[in-house]
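Trainee: Could you take me through one part of this protein in close detail? I would like to understand how a single pair of helices packs together.

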Amino acid sequence: MIETANSTQLPKPNGLEGVVAAQTELSHVFGDEGRLVYRGYDIHELAGKASFEEVAYLLWMGHLPTRSELDEFERKLGENRQLPDGVIEALRQLPKDALPLDALRTGVSMLGALEPNTFTFEPDLDQAIAVSARFPAILAAFYRLREGKEPVQGRADLNTAQNYLYQMHDAVPEEKHWKPLETYLILLADHGLNASTFTARVIASTTSDLVSAITGAIGALKGPLHGGAPALVLDMLNEIGTADNVEPWITNALDSGERIMGLGHRVYRAEDPRAEIL
């Protein structure tokens, strides 16, 4: 407890809760109202209506693109969907039971090592596009390798969600499969200042390269108290096994003081709008 001059006791802060570390125009979570806003747009105006590429452009450039701006942006993404052979070979060396975020961290790090002339100490939008276009390719390549199949290179004529499924299954996906994935990607496109974005900002503040900042961010994202939590939900569901075991499993977990993964949110105190849309 902290004592002031008049001996008034103030509550001890919980971590960095309530501490302002930075300001951003990208997004804002209105936790008490259950609202998520990107650049002034409520998430309900974007998810399922705009494309993931339009939302990425909005976050990076500050406005939704015109048709010509979107065409140029999609062209640049398409040009960067191919993975260097060195990245694929690095992924090939990973054990099949490696976590997907381990594969992503390794693949992104290899991009920086293999293409130092692309990812310089002066990051720009073209570098951000080059990394972002390859995220799905890295994960899809690792998925295929651990299934005993060869990776499939991306196609310039497919969007981000389409490419991810295409590179996983070597078949152009139907809209009923890629459209929900695109909506999911939009809902997670920006999180303001959390552990992983904070990590990226710290690394970037040293004027290190963009790939180093993103690699560090992926390392933070992997943690089970951050982006690694969804994997623990799947573990929990596998452990529960059947519907008739739900109540006794939950009761035992609560009695033992264990966490129930996938429920609750530190910021959203009302309904999470992302859950509603999904």
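Mentor: Happy to; here is a look at one helix pair, followed by its wider setting. Keep in mind that this is a predicted model. The pair is H6, covering residues 125-146, and H7, covering residues 160-169. Their axes lie 8 Å apart and meet at an angle of about 20°. Because angles under 35 degrees count as roughly parallel, H6 is roughly parallel to H7. The crossing of H6 past H7 is right-handed.

Now for the residues that make the contact. H6 contributes Pro136, Ala137, Leu139, Ala140, Tyr143 and Arg144. From H7 come Thr160, Tyr164, Gln167, Met168 and His169. Sorted by character, the residues of this contact are seven nonpolar, three polar and one charged.

Stepping back, the protein's secondary structure comprises 13 helices and five strands. It has 278 residues, and 36% of them count as buried. The exposed area of the protein is about 16,300 Å², with carbon and sulfur atoms supplying 55% of that. If you take the contacts between residues at least 6 apart in sequence, 61% of them join residues at least 24 apart.

One more residue is worth a visit while you have the model open. Asp85 belongs to helix H4, which spans residues 85-92. Asp85 counts as exposed because its relative accessibility is 61%, and the cut-off for exposed is over 50%. Leu114 is 29 residues away from Asp85 along the chain, and their C-alpha atoms are 9.7 Å apart.

Terms used. Residues are numbered from 1 along each chain as its sequence is written. This is a predicted model: local features need pLDDT of at least 70, side-chain atom pairs count only at pLDDT 80 or more; totals for chains, interfaces and linings use all residues. Side-chain values use heavy atoms; hydrogens and water are left out. Axes are lines fitted to C-alpha atoms, for helices over the stretch in contact, and angles run from 0 to 180 degrees between N-to-C directions. Helices (H or I, at least four residues) and strands (E, at least two) are DSSP runs, numbered from the N terminus. Angles under 35 degrees count as roughly parallel, over 145 as roughly antiparallel, 65 to 115 as roughly perpendicular and the rest as oblique. A crossing is left-handed if the near helix is turned anticlockwise from the far one by less than a right angle, and right-handed if clockwise. Contact means heavy atoms within 4.5 Å. Ala, Val, Leu, Ile, Met, Phe, Trp, Tyr, Cys and Pro count as nonpolar, Asp, Glu, Lys and Arg as charged, and the others, Gly among them, as polar. Buried means under 20% relative accessible area, exposed over 50%, partly exposed in between (1.4 Å probe, protein chains only). Accessible areas come from the Shrake-Rupley method with a 1.4 Å probe; for residues, only the protein chains shown count as cover.
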